[in-house]
Amino acid sequence: MRRVYLDHSATTPVHPGVIEAMVDCMQNHFGNPSSVHSFGREAKKLLEEARANVAHLIGARPEEIIFTSGGTEADNLTIFGVARAMRKKGNHVITSATEHHAVLDACQALTKEGFEVTVLPVDETGMVRVEDVKAALKPETVLVTIMHANNEVGTINPIKEITQLVKAHGAIMHTDAVQTVGKIPVDVNDLGVDLMSLSSHKIYGPKGVGALYIRKGTKLFPLSHGGGQERKRRPGTENLPGIVGFGKAAEIMARELPEEMGRMGRLRQRLIEGLLAIPEVQLNGHPTERIPINVNVSIKYIEGESLLLMLDMKGIAASSGSACTSGSLDPSHVLLAMGICHEVAHGSLRLTLGRDNTEEDIEYVLDVLPQIVERLRAMSPLYANKEG
Amino acid sequence: MYTDKVMDHFMNPRNVGEIDNASGVGEVGNASCGDIMRIYLDVEDNIIKDVKFKTFGCGAAIATSSMATELIKGKTIDEALELTNKAVADALGGLPPQKMHCSNLAADALHKAIADYKAKQDAKK
């Protein structure tokens, strides 16, 4: 049976070149980068090469990159680290309703420390409105954290415009760019942000490693203590094989991005056209301002988990914002924030493309999916009601 | 996540459909919580001669609907009333804990269909 992986926003397969670099690191460069001897110095050299590669991918300077255990830690380090460091200036933080839980839950936890958090709504495409950010800024605002692109619907937020407002106001601007780095050109100086979260396993690197870009001069308290690594902002012996893998992935993505972006965009367009040809299917997210790997649709009258299971039986891996796949009783907070009703949100399907996908994969999905939809709708009392 | 039996009933659901002029119809759930089950009964001489279902929901919801219909076909009304959601889950070899409450409603739908049947019978008297 053909196997088609279309869940690259969840994670990506590790690139063979990344595996090679990691194995070499573990076999031949096991030293502790903090050690002064030659073993340590060799490890340190690899660490700094990786840092330079990650920095290059986003137009940063190597000294502005610190490695973390992933995007979640980078988000948490930003939110707690900046808020606590800026506390004397103010106690107000702004975020948006469609952020990843790594941001939303961290902001919620901040309220227990006396911070006030404003959660901005989004429009029907999932985009944060610049005017809403402007209206929410207060003298007490110290941090604004808005994701670059949404992980579920792929909508790209106007970060550059938002950052200009935030910086003019004198607050710190962070963006979670886990879904955009390696997918579209991302430049920290063009965007103007002070902090940016990155994740390795979204760009064909290993899991459990990420990075935080911190613009020089940005105040931030560490979350943990006990060592001088990563400029004292993230103590602990570095996950060197993971970091080397991340660095290699960043190097490969920087090289492949221009061509891959165009190819992904073409595959995505074909997928969207094919899906919208099925009756009662709606595209979720922005029609044009979306990352090239993302397609998110709601297939009315059927439920997402059933759809995923049947696709899986045909070898197709996808994801859904259905409640049944999230462990909660509510469907995706992102789709609900966009004004999509529960019933339609339950039938959402997210297909996210990657470097190994081909036109044949897309045609296979478009061949299989309508049959599954028809089968599930034949079982659906909602569809029966609609048919009258 | 699911047992082979759940997957079998999900992929090959038994008794899908509707019954015209059903003796009783029961529906539980709502679209906002993600599961709706509707069960149709054809009852003759207090025996469930036929049963069909339509379900909007996850794999567990479809599998429990299918299994419940299998368990009660040919049973008397009183026997069918004894069916519990737990018995349906057990017959499927178990369900993940989070599915026990949100998606295992088939026995409730059946009980509603029986109540509807009894109400219709009373109305005829």
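In this predicted model, 27 residues of domain 1 of chain A are in contact with 30 residues of domain 2 of chain A. The first of these domains is made of two stretches, 4–11 and 257–385, while domain 2 covers 16–253. Their centres, taken over C-alpha atoms, are separated by 28 Å. Of the area that domain 1 of chain A buries against domain 2 of chain A, A:Leu257, A:Ile291 and A:His333 supply 26%, more than any other three residues.

A second contact, between chain B and chain A, takes 26 residues from chain B and 22 residues from chain A. The table sets out the two contacts side by side.

| Parts | Buried area | Share on carbon and sulfur atoms | Salt bridges |
|---|---|---|---|
| Domain 1 and domain 2 of chain A | about 2400 Å² | 59% | zero |
| Chain B and chain A | about 2000 Å² | 68% | one |

The salt bridge counted between chain B and chain A joins the side chains of B:Lys99 and A:Glu305, at 2.8 Å from N to O.

What lies inside the structure? The largest nonpolar core has 131 residues, and those that touch the most other members are A:Ile58, A:Met196, A:Leu307, A:Leu349 and B:Leu41. Helix α8 of chain A, residues 240–276, gives the most to this core, with 13 residues, and the core draws at least three residues from each of domain 1 and domain 2 of chain A. Apart from it lies another core, of 21 residues, which includes A:Met86, A:Phe115, A:Leu212 and A:Leu220.

One residue of the largest core, A:Leu349, can be followed in more detail. Leaving aside neighbours within four places in sequence, the contacts of A:Leu349 include A:Val295, A:Val297, A:Ile299, A:Leu307, A:Leu308 and A:Leu311, and among them are also A:Asn296, A:Ser319 and A:Leu369.

Helix α4 of chain A, residues 101–111, offers another view of the interior, for A:Ala102, A:Val103, A:Leu104, A:Ala106, A:Cys107 and A:Leu110 are buried there. The elements of chain A that cover these buried residues include the helices α3 (71–85) and α10 (333–337), together with the strands β3 (92–96), β4 (116–120), β5 (141–145) and β6 (172–176).

How many disulfides does the structure hold over all chains? The number is zero. A disulfide is a covalent bond between the sulfur atoms of two cysteines. Two cysteines of chain A may be set against each other in their surroundings: A:Cys25 is buried, with a relative accessible area of 1%, whereas A:Cys341 counts as partly exposed, at 41% relative accessibility.

Notes:
Residues are numbered from 1 along each chain as its sequence is written. Chains are lettered from A and ligands numbered from 1 in the order in which they are written. This is a predicted model: local features need pLDDT of at least 70, side-chain atom pairs count only at pLDDT 80 or more; totals for chains, interfaces and linings use all residues. Side-chain values use heavy atoms; hydrogens and water are left out. A nonpolar core is a set of buried Ala, Val, Leu, Ile, Met, Phe, Trp, Tyr and Cys residues joined through side-chain atoms within 4.5 Å. Buried means under 20% relative accessible area, exposed over 50%, partly exposed in between (1.4 Å probe, protein chains only). Helices (H or I, at least four residues) and strands (E, at least two) are DSSP runs, numbered from the N terminus. Domain bounds come from an automatic or database domain assignment. Contact means heavy atoms within 4.5 Å. A disulfide is a pair of cysteine sulfur atoms within 2.5 Å. Buried area is the accessible area (1.4 Å probe) that two parts lose on being put together, summed over both. A salt bridge is a side-chain nitrogen of Lys or Arg within 4 Å of a carboxyl oxygen of Asp or Glu.
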